[in-house]
Structure formats: C-alpha cells, structure tokens
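I opened this entry to keep track of what I looked up, one topic at a time. Domains come before backbone geometry, and charged pairs come last.

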Amino acid sequence: MHFYPLGDAAVVVEFATVIGPASHEQVRLLSLYLDHHPIPGMIEYVPAFTTVTVFYDPVVLRYAEVQAKLERAVAQTAEMRLDKKVRTVEIPVCYGGTFGLDLEDVAAHNRLTGDEVVRIHSSAEYLVYMIGFAPGFPYLGGMPERIATPRRSSPRLAIPAGSVGIAGIQTGVYPIVTPGGWQLIGRTPVPLFRPDMTPPTLLRAGDTIRFVPISEKEYESWEGEPI
C-alpha cells in the first residue's frame, strides 16, 4: 500500500497494482470507514479497482495532513469486517442476433461456436469490483479467459442501453446509450440505471452477478417492466 498525490487537492490510496479480491476488500473497507467517519475538509472519495482517491479542500487541509488521517483510517479498517451476506443479482440476457452483433466474431476469435461462448459466459459468476465510466456501469471480474476478445478496432458511436459486451478479459453491461468499443454479445431488458429510483443504480461494488440466457420472445415480453 502506498499514497501519492493526484493534482494539488487529492490523495490516492493504492492497495495493490494487481486487481484481486483482497485489494477489493480493502477498497470497500476504507470506503465504508469514510462513509461513517468522513475527514473534515474532504469533498468526496472515489473507489476504483485497487485504489481510493480522496478529494479535499486545499484551503482547509494540506496533503501531509490528509495522508496522515488516511493512514490512521486504514489502520482502523484492520478491525472491521464486511457483511458476509453477498447479494447475487441474476441478469437475463438475450444473446446473439440483433442484440449481440459481435457474438460470432467473439466465437471465431476463440475458435468456438456462438453457443459455446454463451454457455461459457453464462456459466461464470462475476464480482462487481466498481461502478464507473457511465452511471451504473459495472466493472466485473471473473470472466473465463477462454472467451477473452480484444476491443473492436473501430468503436460504435451509440451502444444501446443494456448491451452486454466483452473487452479483453472483462465483460460488462452498458447501462445507458453511449459510444463504446466493446464486443457486443447480447442485451438485457433489465435497466441498470434508473435516475428516478433510490438508489439509481441496480448494482453496487461487492455484488455478484450471474447472466441468465433468455429468448428473444422473453426479452420482448420483459422489456419495459420495472425491476
């Protein structure tokens, strides 16, 4: 673990340089501590894969003061434990066809059939490491390397909300319409971002996800229903 500045008003606490469950737990513990014991002068904190970045008011605090307070905070987390009850969320996905335009490309890249890609993708259990990029976008760990595929050489300008994609060894779900270069293999009818709801995002760090294949008919009958 080490600390370093990000500009003149933020401190990064880095727990590891490699993504994994241990550093993920440390990120969540420090985040939980800061929720209950915010540092005076702290503006916000941003958890990521292996880091927590704390933004502060430089008029109120100096870098050395923030680092010292964070060192004490991290020490306090050694006595904390996360809730052992893990929330598992099942995400229905209609794979292939117009919903997964790149499924066959992913299959060809890995010398598999489309059905094999679907079976492998939907048989794994995924950990939500963080939410970022777009509101409600989950960064997931746990995708089998057997279906890893590079990003598209030319990104699309508009990815439909609910699209499930693969980029390298990661998989994720686009919660809103946005540009993107991930390989699209399917789409879910379940909204991941609902600004009218509290909280507005379906998923949160620490959740586990399972993708459940559904037919196009099931997708169409599901679409529009609330979670």
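**Domains**

I started with the domain assignment, which splits the chain into domain 1 (2-77) and domain 2 (88-221). The model is a predicted one. I took the centres over C-alpha atoms and got 30 Å between domain 1 and domain 2. The contact draws on 7 residues of domain 1 and 8 residues of domain 2.

Next I looked up the buried area. Domain 1 and domain 2 bury about 630 Å² between them. Carbon and sulfur atoms supply 72% of that area. Which residues of domain 1 lose the most area to domain 2? I found His24, Arg28 and Phe49, which together make up 70% of what the domain 1 side buries. I sorted the residues on that side by type: 4 are nonpolar, 2 polar and 1 charged.

Then I checked for specific pairs. I counted 0 salt bridges between domain 1 and domain 2. The polar contact rule also returned 0 residue pairs across this interface, with both residues required to be at pLDDT 80 or more.

**One residue in helix 2**

I picked Ala73, which sits in helix 2 (residues 63-77). Is Ala73 buried or exposed? Its relative accessible area is 3%, and under 20% counts as buried, so Ala73 is buried. I set aside neighbours within four places in sequence and found Ala73 in contact with Leu30 and Tyr33. I also took a long-range distance: Ala73 and Pro191 are 118 residues apart along the chain, and their C-alpha atoms are 36 Å apart.

**Backbone geometry**

A reminder before the angles: most residues other than glycine have a negative phi, and most peptide bonds are trans.

I noted a cis peptide bond from Thr198 to Pro199, with omega near -5°. Pro199 belongs to the loop between strand 12 (183-187) and strand 13 (208-213).

Arg111 is not a glycine, yet its phi is positive, near 55°. I placed Arg111 in the loop between helix 3 (103-109) and helix 4 (114-123). Arg111 is exposed at 78% relative accessible area.

Phe133 is another non-glycine with a positive phi, about 70°. Phe133 lies in the loop between strand 6 (126-131) and strand 7 (138-141). I looked up its accessibility too: Phe133 is exposed, at 54%.

**Salt bridges**

Side chains of opposite charge can pair when their charged atoms come close. How many salt bridges does a search of the whole structure find? I got 6.

I looked at Arg210 and Glu125 before the others. Their closest N and O atoms are 2.7 Å apart in a salt bridge. Arg210 is in strand 13 and Glu125 is in the loop between helix 4 and strand 6, so this pair ties together parts 85 residues apart in sequence. Arg210 is partly exposed at 35% relative accessibility. Glu125 is partly exposed as well, at 41%.

Arg194 pairs with Asp196, with 3.5 Å between the closest N and O atoms. Asp196 is exposed at 57%.

Asp207 bridges to Arg204 at 4.0 Å between the closest N and O atoms. I compared the accessibility of the two partners. Asp207 is buried at 2%, whereas Arg204 is partly exposed at 47%. I then noted a salt-bridge network that links Arg87, Arg204 and Asp207.

Key
Residues numbered from 1 in each chain as written. Heavy atoms only, no water. Domains from an automatic or database assignment. Contact = heavy atoms within 4.5 Å. Buried area = accessible area lost by both parts, 1.4 Å probe. Salt bridge = Lys/Arg side-chain N within 4 Å of Asp/Glu carboxyl O. Polar contact = N/O pair within 3.5 Å; in protein donor to acceptor, adjacent residues only side chain to side chain. Nonpolar A, V, L, I, M, F, W, Y, C, P; charged D, E, K, R; others polar. Helix = DSSP H or I, 4+ residues; strand = E, 2+ residues; numbered from the N terminus. Buried < 20%, exposed > 50% of the residue type's maximum accessible area, 1.4 Å probe, protein only.
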